[in-house]
Amino acid sequence: MGACPPSPPLAQRGAANWPGPRVSTGCDKHITGKRLGAELGKSVVYQETNGETRVEIQESVRGQDIFIIQTIPRDVNTAVMELLIMAYALKTACARNIIGVIPYFPYSKQSKMRKRGSIVCKLLASMLAKAGLTHIITMDLHQKEIQGFFSFPVDNLRASPFLLQYIQEEIPNYRNAVIVAKSPDAAKRAQSYAERLRLGLAVIHGEAQCAEMDMDDGRHSPPMVKNATVHPGLELPLMMAKEKPPITVVGDVGGRIAIIVDDIIDDVESFVAAAEILKERGAYRIYVMATHGILSAEAPRLIEESSIDEVVVTNTVPHEVQKLQCPKIKTVDISLILSEAIRRIHNGESMAYLFRNITVDD
């Protein structure tokens, strides 16, 4: 019987005066310390007094597979620069493959053209490729089409099996629950959850959509030109203005447990408003489940003061401080699937097992 292959070397962003390998907070602690049995690679990542990021690789990585585990903290831009500079340093040091393990991919909400904006997610994908990354492992991209922005393989893992398991094991009497989409955009995801759990489905329709701001940007007010002659061939049909219908709940939630599902929970105002509506319609207990718990600004306080009974998120994003501020926030560990993905990629095994029974809508 042949010898087992060596554990893959791991690199991770560090802090000032970091003398050697360590395991930091977040899902990476469980990946490196408990599941893979591999210590972190020796490197130093710190910021100089002028704010510039500096990376030093303190061991040979020539010809090796390097996995950079990068969770995204509050300071997103600093984390992105750390990832780019470390990848470029490893590329310069002749690493064979550089795989980024990014549980929550930043700027994923900026993946569509918005008026005079830009598709920042595509820009970030190009920067990562230029820096030297050859593969990315991530989880629940905000839009699955984002994978097309990359010129190298992207494994978009799913957290739904872990969240479904939580519903079955931790929510009492979950058979009396109904899966809720807080907007029509989330209906496909909610339908997938409802079909797997054999539960009913409800959709909240009529709330303000966050996808596109209804702001005047000058497109509807061309400059006034005196004595201008408009050619008949240039006349365009007038578009009818959008009118948001009154808020309605499509589906029965009276006397039921309402479980709102989404991929990201950041600004919680829409979730709080949805919970109030569901309470008015007769739901007696309300859960919110999402993969990425960013929980910015006043999110913990708003959740604590709302009708929401429990918010369940995975540990793709560190949120220990928010949990101290709001005991309603619960965490599901997804390090198992990330560590298994690292092992399979390093050993050249198929990734199909990690996507079994996964549908497009998950």
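This note goes through the overall make-up of a predicted model and then its salt bridges.

1. The protein chain of this predicted model has a secondary structure of nine helices and 14 strands. Of its 362 residues, 47% are buried, and the accessible surface of the chain comes to about 19,100 Å², with 54% of that area belonging to carbon and sulfur atoms.

2. When contacts with a separation of 6 or more are considered, 68% of those in the protein chain are between residues 24 or more positions apart.

3. Side chains of opposite charge can pair when their charged atoms come close. In this model the count of salt bridges comes to eleven, and a few of them are described in the points below.

4. One of the salt bridges joins the side chains of Asp262 and Lys182, at 3.8 Å from N to O. This pair links distant parts of the chain, since Asp262 lies in strand 11 (residues 257-265) and Lys182 in the loop between strand 8 (177-181) and helix 5 (187-197), 80 residues apart. Both Asp262 and Lys182 are buried.

5. Arg301 takes part in a salt bridge with Glu298 (2.9 Å, N to O) and in another with Glu305 (3.2 Å, N to O). Arg301 is partly exposed, because its relative accessible area of 39% falls between the limits of 20% and 50%. Glu298, at 44%, is likewise partly exposed, whereas Glu305 counts as exposed because its relative accessible area is 56%, and exposed means over 50%.

6. A network of salt bridges links Glu340, Arg343, Arg344 and Glu349.

Key: Residues numbered from 1 in each chain as written. Predicted model: local features only at pLDDT ≥ 70, side-chain atom pairs only at ≥ 80, totals over all residues. Heavy atoms only, no water. Helix = DSSP H or I, 4+ residues; strand = E, 2+ residues; numbered from the N terminus. Buried < 20%, exposed > 50% of the residue type's maximum accessible area, 1.4 Å probe, protein only. Contact = heavy atoms within 4.5 Å. Areas by Shrake-Rupley, 256 points an atom, 1.4 Å probe, with all protein chains shown as cover. Salt bridge = Lys/Arg side-chain N within 4 Å of Asp/Glu carboxyl O.
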